[in-house]
Structure formats: C-alpha cells, structure tokens
Amino acid sequence: MNILISLFLTFWQIGLFSIGGGYAIIPLIQNQVVYEKHWVSEQVFTDIITISQMTPGPLAVNTSTFVGIQIAGISGALAATIGCVISGIVIALILYRFFQKHRESTYVFEVLNGLKAASLGLIVSAAATILLLTFFGSSSLSSLSLSAMDWAAAVVFAVSFFVLRKWKLNPILLMVLTGIVGAFLY
C-alpha cells in the first residue's frame with residue numbers, strides 16, 4: 001500500500017478513537033507507529049512527543065505531523081495530519097447535532113461522565129509511558145530496574161518539579177533551563 005495512504009488511514013483511525021485528546025492519545029499513537037507499523041523507534045517517538053509538546057497546537061495533530069515528516073516528508077505530514085483531523089471534525093459535527101437534540105437526557109449526561117473517567121485513565125497511561133521512556137529508555141515494565149534507570153533524568157525531573165511547584169516558575173523558562181542542563185548532561 002502506498003505510504004501516504006497508509007499514513008492517512010493510520011492517523012484517521014487514531015483520530016477516530018482519540019477520545020480525551022492530548023495526552024490520552026499518546027499510547028494509541030505509540031502503539032501504531034512504534035510497535036505495529038515500526039515506522040519509528042521508541043527513542044524517535046519520545047523525541048517527536050517532546051517536540052510536539054513544545055510547538056503550538058494540539059498534541060495529537062503535532063505528533064501526526066512530525067511522524068508524517070519522519071516517514072514521507074511534507075506529503076507524509078499532510079497525509080497524517082489530515083487523517084488525524086478529519087475524523088475529529090466529522091465526529092464533532094455529529095455530536096453537536098446529537099447533543100442539541102438530547103441536551104436534557106440523564107442517560108447522555110451519565111455516558112459523558114463515563115467518558116471522562118476513561119479519558120483520565122488514558123492520560124495516566126500516557127504519563128506513565130512518558131516517565132518510563134524518560135527514566136528507563138523503554139515503555140516496557142520488564143525493563144524496570146534501578147541499574148537501568150537514567151538517574152540524571154530523574155534528578156532533573158525532581159528538581160524541575162520542585163521548582164515549578166515551589167516558586168511557580170514559568171514553564172517555558174523551565175523547559176529552556178532543563179534543555180540547557182540536558183545539553184550538558186547528554
């Protein structure tokens with residue numbers, strides 16, 4: 001199958017099931033592009049997520065764009081981005097009509113509460129994946145051992161978290177500072 005069609009269909013599917021958006025979608029994207037399609041390695045995927053978080057725009061859209069660029073250049077970025085976005089647009093239009101029609105329904109309200117809980121679980125899963133990749137270089141739980149841990153990353157994380165919570169330092173400034181520290185450490 002043509003790589004552009006494959007990128008479009010893969011990210012169309014990701015966009016179709018991206019309930020919760022943002023961090024909740026990271027495990028689904030990772031599963032598709034790292035483990036199933038083998039388009040990028042775990043380390044490249046981690047780099048893509050990092051860049052996607054630092055650039056303006058939705059995380060899933062940025063990630064699809066950067067994966068598309070890695071795989072097939074500008075045309076790959078367009079195919080992946082359009083695939084990711086188009087299903088969300090169609091779903092949003094359908095849901096808008098549905099909620100306008102059923103805005104007083106108790107059942108609809110309870111379904112939305114269930115979706116909130118599922119989204120929280122997906123966000124926690126994404127956070128765990130990012131932490132495992134950062135501290136152990138793999139998202140596999142079998143790689144957890146103190147000897148495999150990147151202690152420098154753990155210290156930078158702990159200090160950054162403390163500084164952010166204690167002194168409410170601007171997150172962008174904190175990212176720049178930790179980037180400088182990372183350049184010296186790695």
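**Aromatic pairs in an all-helical chain**

Phe-162 is partly exposed, with a relative accessible area of 47%. This value comes from a predicted model. Phe-162 pairs with Trp-167, a residue that is itself exposed at 55% relative accessible area. The two ring centres lie 5.6 Å apart. The planes of Phe-162 and Trp-167 meet at 90°, so the pair is edge-to-face. The cut-off for that class is an angle over 60 degrees.

The structure holds four aromatic pairs. Another of them joins Phe-135 and Phe-157, with ring centres 5.5 Å apart. Their planes stand at 75°, so this pair too is classed as edge-to-face. Phe-135 belongs to helix 5, which covers residues 106-136. Phe-157 belongs to helix 6, which covers residues 151-167. The two partners are 22 residues apart in sequence, so their pairing ties together separate parts of the chain.

The partners can also be described by their accessibility. Phe-135 has a relative accessible area of 11% and is buried. The limit for a buried residue is under 20%. Phe-157 reaches 40% relative accessibility and counts as partly exposed. Phe-135 and Phe-157 also belong to a cluster. Ring pairs link these two residues with Phe-161.

The setting for these rings is a helical chain. The protein chain has seven helices and zero strands. Its pattern along the sequence is α-α-α-α-α-α-α. Along the principal axes, the C-alpha atoms fill a box of roughly 55 × 45 × 35 Å.

Contacts were examined for residue pairs with a separation of 6 or more. Of these contacts, 50% join residues 24 or more positions apart. Of the 186 residues in the protein chain, 29% are buried. Phe-135 is a buried residue.

The surface was then considered for the chain as a whole. The protein chain exposes about 11,500 Å². Carbon and sulfur atoms supply 72% of that area. The charges of the protein chain comprise 8 positive and 6 negative. The mean position of the positive charges lies 14 Å from that of the negative charges.

Notes: Residues numbered from 1 in each chain as written. Predicted model: local features only at pLDDT ≥ 70, side-chain atom pairs only at ≥ 80, totals over all residues. Heavy atoms only, no water. Helix = DSSP H or I, 4+ residues; strand = E, 2+ residues; numbered from the N terminus. Buried < 20%, exposed > 50% of the residue type's maximum accessible area, 1.4 Å probe, protein only. Contact = heavy atoms within 4.5 Å. Areas by Shrake-Rupley, 256 points an atom, 1.4 Å probe, with all protein chains shown as cover. Lys, Arg positive; Asp, Glu negative; His and termini not counted. Charge placed at Lys NZ, Arg CZ, Asp CG, Glu CD. Phe/Tyr/Trp six-rings, centres within 6.5 Å; stacked < 30°, edge-to-face > 60°.
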